Amino acid sequence: TGNNVTSVSSNGAAASGQLAQTDATAQDPQQQQQQQQQPNAWQVIKGVLFRIFIIWAISSWFRSGPSTPDPSTPAGAPRLPSRNLFPKDTLMDLYVYISENEIFTDFNNTEALFWYQQDLVYGDWTKGESGDGCYEHYQELDLSESVKQNGSIYIHIYFTKSGFHPDPKRKGQYRRLSTVHATRMLNKYKRRKFLKTKNLLTGETEADPEMIKRAESHGPVEIISHWHPNLTINIVDDHTAWVKGSVPPPLDQHVKFDAVSGDYYPIVYFNDYWNLQKDYHPINETLQNLPLRLSYCPLSLWRWQLYAAQSARSPWNFLGEDTYEQSDEDQDSVKVALLETNPYLLGLTIVVSIVHSIFEFLAFKNDIQFWNSRQSLEGLSVRSIIFGVFQSLVVLLYILDNETNFVVQVSVFIGLLIDFWKITKVMDVRLDRENRIAGIFPRLIFKDKSTYVDSSTKIYDDMAFKYLSWLLYPLFGCYAVYSLLYVEHKGWYSWVLSMLYGFLLTFGFITMTPQLFINYKMKSVAHLPWRMLTYKALNTFIDDLFAFVIKMPMMYRIGCLRDDVVFFIYLYQRWIYRVDPNRVNEFGTSGVEQSKDSPAQAVAADTTAAITDKSEGEKKND
């Protein structure tokens, strides 16, 4: 069956092409479900900021010295600037060959020639079908059996000066310095993962039976060749005097120097930046041909730097292919935001997200400082800190079980370590080497600090969690039953994690209320880390703003709103308990201590006055 596939050209304009689709079993239901989900707004924003940083880093490389030494250059020898082998306005011919071989030599095969375009002008921006220097060619490719069976297919691009041919065997028509060559694999291999889930009570699943059979025959991970019908060939309009060995990364991967003359060839760039991952379709036995729309366009140096920075993956080589695929999905969110979001709103989002990141850092910094310098736990809910450790541990185990993005895993793990560190600040932790576990491992002993036990805070904290349990336990039981009856899981372990994670995500804000109860009982808020709370509240207000401006799940919006309600209660308590004689100032004294010291100070003043009134002889005797 033929479906219309929306594609995006090099300038972001939409184009339509015909792509023969596979049967219903070829599409992964999990991928279709991911396509329907809206991209997370903050992932889009952070992705944009990360790429702005890369662009800034590349600009810094341009201003700095040589980055990669050239081993062929003798030590101390001066490096001479090079020139482009194709001067401005050079007449060129374009040859495009399609082959299943990575190294192409069959120039006499007319069926392999996909596109031949004569008299292109290097650096021309006015000619072409639309008057922008661009040309386009569309054709359907016949598929061989090897390509249907997960084989590869390559595109070979040759730019030659007018009158020359790319075949080295043609004497008199081939010249090495007049030929530019670039090769790329057209199809893309993607991993399709099948999560085998079922209802733990009935054993039934809503997954496609055909997909279950493929998972049993090919395993949980299947590598499938995918196809996108659009590709843009860019030749960079650049005549920079590059120095071999001094081209900054990632541009050095594209600038090719001639070994003899030292000059460089024109930069040919395969531009598929606007090809979204959701528009790739699997190749299998049911397809007979594949549509391919090639576009040729000149590209400025500045725009090429942007595209090269976006496609740079060298800093993440150690993370493996899974992280690459996750990075592609994150980049899709950025591309969709750039295409569909209002430019003014996108600019405002970037500016506010920078402020958001600053507030996050300040909140983290002040939180560490507060607990590091805290000597007394009076007025602070220790049970809330312990519950926070449990909550962070559940989140970490959940994202590990669901194979979330590596960067998210690292950030959650660091947050868990900080929560563990807080435990050492609110409790006395020691190793019991006498009563070992299984006679081998020392036993950890946790004991409440004296400043917490001796104060009324522990009584109020226990009372608050007692009242809280009356609400949490019924909600927890109802959510567990709902998750077991209506949600599919991989196993009982996954059910426990997903049930706990969903419950904490929905009702976790209730754990903030014990601190409110302690404040109410003590009639004081002086013990709270107000700087950290203020920065977090400002971040929450920013989340509120974009939660209602940008499309987001309703639960996320409700989560932002409920955090605001709790913080406004904190502010109300600060207003009604603003007079606090027990508050300790920066000198370590309080109003109560000063009032206690005042009689002694009066006695000392009277004694000083009495001594002053004595005669000289009495003073000497004294």
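I looked up lysine charges over tyrosine rings in this predicted model. The charged end of Lys188 sits over the ring of Tyr280, 5.3 Å from its centre. I found a second case at Lys523, whose charged end sits over the ring of Tyr520, 4.3 Å from the ring centre.

Next I went through the aromatic pairs and noted a count of 21. I took Tyr273 and Trp274 as an example: their ring centres lie 4.9 Å apart and their planes stand at 80 degrees, over the 60 needed, so I entered the pair as edge-to-face. Tyr273 has 7% relative accessibility and counts as buried. Trp274 is also buried, at 13%. Elsewhere I noted a cluster linked by ring pairs, made of Tyr95, Tyr97, Phe104, Phe107, Tyr116 and Tyr158.

I then checked how helix 8 (residues 382–401) meets helix 11 (residues 457–486). Their axes come within 8 Å and cross at roughly 55 degrees, which makes helix 8 oblique to helix 11. On the helix 8 side I listed Val382, Arg383 and Ser384, and on the helix 11 side Asp461, Asp462 and Phe465. I sorted the residues of this contact into 2 nonpolar, 1 polar and 3 charged.

Last, I looked at Ile518, which lies in helix 13 (residues 513–522). Its relative accessible area is 0%, so I entered Ile518 as buried. Leaving out residues up to four places away in sequence, I found that Ile518 touches Gly379, Leu380, Ser381, Thr457, Tyr460 and Asp461. I also took the C-alpha separation of Ile518 and Ile459, which is 9.2 Å for two residues 59 apart along the chain.

Conventions. Residues numbered from 1 in each chain as written. Predicted model: local features only at pLDDT ≥ 70, side-chain atom pairs only at ≥ 80, totals over all residues. Heavy atoms only, no water. Axes fitted to C-alpha atoms, helices over the stretch in contact; angles between N-to-C directions. Helix = DSSP H or I, 4+ residues; strand = E, 2+ residues; numbered from the N terminus. Parallel < 35°, antiparallel > 145°, perpendicular 65-115°, else oblique. Contact = heavy atoms within 4.5 Å. Nonpolar A, V, L, I, M, F, W, Y, C, P; charged D, E, K, R; others polar. Buried < 20%, exposed > 50% of the residue type's maximum accessible area, 1.4 Å probe, protein only. Phe/Tyr/Trp six-rings, centres within 6.5 Å; stacked < 30°, edge-to-face > 60°. Lys NZ or Arg CZ within 6 Å of the ring centre and 35° of its normal.
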